[in-house]
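Visitor: Could you take me through this structure, beginning with how far to trust it and then turning to packing and pockets?

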Amino acid sequence: MLESHWVSVIRDRAMLEILYSSGLRRMELLHLKLYDVDQKHGLVTVRQGKGKRDRVVPIGQRALAWLDLYLNSLRPEIAKKPDDGIIFLTSNGVSFTPNHLSWLARQYVKSAAIGKNGACHIFRHTMATLMLEGGADIRYIQAMLGHVRLDTTQIYTHVSIRKLKQVHEATHPAARLDSDSDQTRKPQVSSD
């Protein structure tokens, strides 16, 4: 059996990777069961998410690799009988409380020194913002996040204004001075 420290590190990394990859809410992650993850197809089924709605979301290969490591080498060592199938367990073999997960995520965000505060929701927010900046249609992001209303998802559009500015500077013909075709000197004013 691996030392408790390594169990925690691998489990925690798997949890954070899933939060970042899929945009799950804290409670959705805590309620995930073994049968909710389709590793072959890269999908996670969220059962009874916010508003008691189910949804299926994609999960990236990196998150799946960390999850696979945790599930196959560590979880069997800590799961207690009878096993109810909850994926993420504390080192005592019980389900996480929401506050414990938030505390844990907050510690990792703080130690990463990214200049932002937050816990579980920062991974969801970052996933949505980066997908939007990467060109994803907002309706796909809405579906991933499980938002009923598009205006709930649109809060992420204001964050991506920096990406809009980059695109504007890179593609708009009058957004920057071109030293070959534009005069870069100030116009001369005659004093007559």
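Guide: In the chain, confidence is lowest in helix 8 (residues 161–171), at a mean pLDDT of 74, and highest in strand 1 (residues 37–38), at 96; pLDDT is the predictor's confidence in each residue, from 0 to 100, and helices (H or I, at least four residues) and strands (E, at least two) are DSSP runs numbered from the N terminus. This is a predicted model, in which local features need pLDDT of at least 70 and side-chain atom pairs count only at pLDDT 80 or more, while totals for chains, interfaces and linings use all residues. Residues are numbered from 1 along each chain as its sequence is written, and side-chain values use heavy atoms, with hydrogens and water left out.

Visitor: How should pLDDT be read, and what does the chain average?

Guide: Where pLDDT is low, the predicted coordinates should not be read in detail. Here the chain averages 84, and 84% of the residues score at least 70.

Visitor: Which residues of helix 4 meet helix 5?

Guide: Leu101, Ser102, Ala105 and Val109 of helix 4 meet Cys120, Ile122 and Phe123 of helix 5, contact meaning heavy atoms within 4.5 Å.

Visitor: How is empty space found, and how much lies in the second largest pocket?

Guide: Rolling a probe the size of a water molecule over the atoms shows where empty space is left. A pocket is an open set of points on a 1 Å grid over the protein atoms alone, where a 1.4 Å probe fits, with protein on both sides within 12 Å along at least five of seven lines, and lining residues have an atom within 4 Å of a point. The second largest pocket holds about 220 Å³, a volume being the space filled by probe spheres set on the points, which are joined across faces, edges and corners. Helix 2 (26–30) and strand 2 (43–46) each supply at least two residues of its lining.
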